[in-house]
Amino acid sequence: MLLLNANLATLAGKGYGLTPDGAVAVETGRIVWAGPRDAMPADLRRGEEVDVGGRLVTPALIDCHTHLVHGGNRAREFELRLQGASYEEIARAGGGILSTVGDTRKAGEDGLLAAALPRVDALIREGVTTIEIKSGYGLDIETELAMLRAARRIAEVRPIRVKTSFLGAHAVPPEFKGRAGDYLSEVCLPALRAAAEEGLVDAVDGFCEGIAFSVAEMERVFDEARRLKLPIKLHAEQLSNLGGARMAAARGALSADHLEYADAADAAAMAAAGTVAVVLPGAFYTLRETQRPPIDAFRAAGVAMAVATDLNPGSSPMNSLLLAMNMACTLFRMTPEEALAGATRNAARALGLSDAGTIEAGKRADLAVWDAGHPAELSYRVGFNPLYRRYYQGVA
């Protein structure tokens, strides 16, 4: 296939990588050439020609942090927060993550898949071709595995790539209240081993926070991840600064996520390790937080910043990556260029992917064609989807 008459934003290198009147040559699902149309080698001028009419073409979007496999919803908690209850107060009273645990345990693998597909379809309609999905709402061995199996099955029934993260260290279930160490020994670590043996895990995640797990407890989980040769990432510094981001960076984490309470020292450690900062404005918005992640510190240190939906039933029931990009700009003061890089090039880095996120030779032909004249439009509009066509490995 030849994609012609395209206003390319390759995201390769710095900036948007704008190439007016560009072309992309695709063979067997991969990009073999991209650049100005009049510079295309003659031997590539073959195959089906697709004129996109001067439309904007970007790498397809990547949602690098979601919890979209789960049971039930938490609309009632939404009401409680509006009446003044904090996220932490709700969690300590048995709501929050633990509320979703009960619904998820009841759903079963087939039920979890059925509930997840409409959420996946909504992301596909916005030009997303890769999603990360976490476990963490089972908190028992059987349900953690069911969540990961359901996530894997999504890629069998929809044209989308799924990367899974084991998040057994998400919360301490009621049956282990006050015994986080026992939960790790008896449930979390055995579940991780079983999931890895079954080939269900691409990375290991955790929630390092006062209402979840300490730095020392997360180090136990990451020690096991290292033994299993699995990369790590971490929910860190969302509600306080416990030093999770620095610990994760010291261990070479792919990403540290949320980061509202991170500081310049965290940014320096992440920059040195190449750990991506994944910002999640949906949770900031939903929880009505006031502490913003230190975007200026990340910029100054040279930390790559990714943007994701954090799609989950409690703190970020947001099913739009385009909206997340807008929020990253309006709430966190990221630029539209940073937001688009955050949902493409840097999102790929946060998942450890080297074959996606930019338009250049050798990458997957995962592309998005937009009814837009400039990339900034993707972050500018609210509640509007300008997607014209989505290509997944070269197939529309």
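With which side chain does the side chain of His70 make a polar contact? The partner is the side chain of Arg119, at 3.5 Å. The structure is a predicted model. The chain comprises 14 helices and 15 strands, and the briefing below treats the overall fold before returning to His70.

**Overall dimensions**
- The radius of gyration of the chain is 21 Å, which agrees with the value near 21 Å that a compact globule of 396 residues would have.
- Along the principal axes, the C-alpha atoms occupy a box of roughly 70 × 40 × 40 Å.

**Packing and surface**
- Of the 396 residues in the chain, 59% are buried.
- Among contacts with a separation of 6 or more, 70% join residues 24 or more positions apart.
- The chain exposes an accessible surface of about 14600 Å², and carbon and sulfur atoms contribute 50% of that area.

**Charge**
- There are 42 positive and 49 negative side chains in the chain.
- The centres of these two sets are 1 Å apart.

**Environment of His70**
- His70 lies in the loop that runs between β6 (61-63) and α1 (75-82).
- His70 counts as buried because its relative accessible area is 4%, under the 20% cut-off.
- Besides the contact with Arg119, the side chain of His70 reaches the backbone oxygen of Gly72 at 3.4 Å.
- Leaving aside residues up to four places away in sequence, His70 touches Thr100, Thr104, Leu112, Ala115, Arg119, Tyr137 and Pro313.
- Arg119 thus appears both in this list of touching residues and as the polar partner of the His70 side chain.

Conventions:
Residues are numbered from 1 along each chain as its sequence is written. This is a predicted model: local features need pLDDT of at least 70, side-chain atom pairs count only at pLDDT 80 or more; totals for chains, interfaces and linings use all residues. Side-chain values use heavy atoms; hydrogens and water are left out. Helices (H or I, at least four residues) and strands (E, at least two) are DSSP runs, numbered from the N terminus. The radius of gyration is taken over C-alpha atoms; the globule rule is 2.2 Å times the number of residues to the power 0.38. Buried means under 20% relative accessible area, exposed over 50%, partly exposed in between (1.4 Å probe, protein chains only). Contact means heavy atoms within 4.5 Å. Accessible areas come from the Shrake-Rupley method with a 1.4 Å probe; for residues, only the protein chains shown count as cover. Lys and Arg count as positive and Asp and Glu as negative; His and the chain ends are not counted. The place of a charge is taken as NZ of Lys, CZ of Arg, CG of Asp or CD of Glu. A polar contact is a pair of N or O atoms within 3.5 Å; within protein, one must be able to donate a hydrogen and the other to accept it, and residues adjacent in sequence count only if both atoms are side-chain atoms.
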